[in-house]
Amino acid sequence: QQCSDWTARPLSTAQVQYGALDAAVLPILLSRIMQHEASITNMYNDKFFSVHSKLRTSLRFVVLDDDLEFLDGHVYEVPMGSVKDYLGHSIARQTWHTSRQGAPPMPTQISISLVEERTAKREAERA
């Protein structure tokens, strides 16, 4: 599946399984390498993750209901993330530092008026 057409939609069942396996195997491989390769641990004086802190970052992608965005005066609130349009779909992308905090709440819909109220409150606090 590695060389299949990943731009074609929908993805085949085999592509989805390949992608899921790819994502699941990486943390296991890193753990095994760190346990069994003393040269890596020694080279970084047991500070491998301090030097490579991006390896401790978690990501979450959520496909949003395109029909609901901006419907009836609502938008998505995405804690520790943002909404982007990919291949015609709205995708929420959230990022957080794995070792410092838990996962942020899932994206939720809020009213545009609530967003405006929060913005006005922040601006008033700054003044």
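Four short exercises with worked solutions follow.

The structure is a predicted model: local features need pLDDT of at least 70, side-chain atom pairs count only at pLDDT 80 or more, and totals for chains, interfaces and linings use all residues. Residues are numbered from 1 along each chain as its sequence is written, and side-chain values use heavy atoms, with hydrogens and water left out.

**Exercise 1. Classify the aromatic pair.**

Solution.
- Apply the rule: rings of Phe, Tyr and Trp (its six-membered ring) pair if their centres lie within 6.5 Å. The count is one aromatic pair.
- Classify the planes: under 30 degrees apart is stacked, over 60 edge-to-face, the rest tilted. The ring centres of Trp6 and Tyr18 are 6.1 Å apart and the planes stand at 50 degrees, so the pair is tilted.
- Place the residues: Trp6 is in the segment before helix 1 (13-36), and Tyr18 is in helix 1, twelve residues apart. Helices are DSSP runs of H or I with at least four residues, strands runs of E with at least two, numbered from the N terminus.
- Check exposure: buried means under 20% relative accessible area, exposed over 50%, partly exposed in between (1.4 Å probe, protein chains only). Trp6, at 30%, is partly exposed. Tyr18, at 32%, is partly exposed.

**Exercise 2. Work out the strand order of the open sheet.**

Solution.
- Two strands pair if DSSP finds at least two bridges between them.
- Three strands form the sheet, in the order 1-4-3, with antiparallel pairing.
- Strand 1 and strand 3 (81-86) each have a single partner strand, so one side of each lacks a neighbour in the sheet.
- Six bridges join strand 3 to strand 4. Ser82 stands opposite Arg93 in strand 4.

**Exercise 3. Describe the lining of the largest pocket.**

Solution.
- Define it: on a 1 Å grid over the protein atoms alone, a pocket is an open set of points where a 1.4 Å probe fits, with protein on both sides within 12 Å along at least five of seven lines; lining residues have an atom within 4 Å of a point.
- List the lining: Arg9, Phe61, Val62, Val63, Tyr86, Leu87, His89, Ile91 and Arg93.
- Assign elements: strand 1 (57-63) and strand 4 (89-97) each give two or more residues.

**Exercise 4. Find the unusual backbone geometry.**

Solution.
- Recall the norm: most residues other than glycine have a negative phi, and most peptide bonds are trans.
- A cis peptide bond joins Arg9 and Pro10, with omega about -5 degrees. Pro10 lies in the segment before helix 1.
- Met80 has a positive phi, near 55 degrees. Met80 lies in the loop between strand 2 (74-77) and strand 3.
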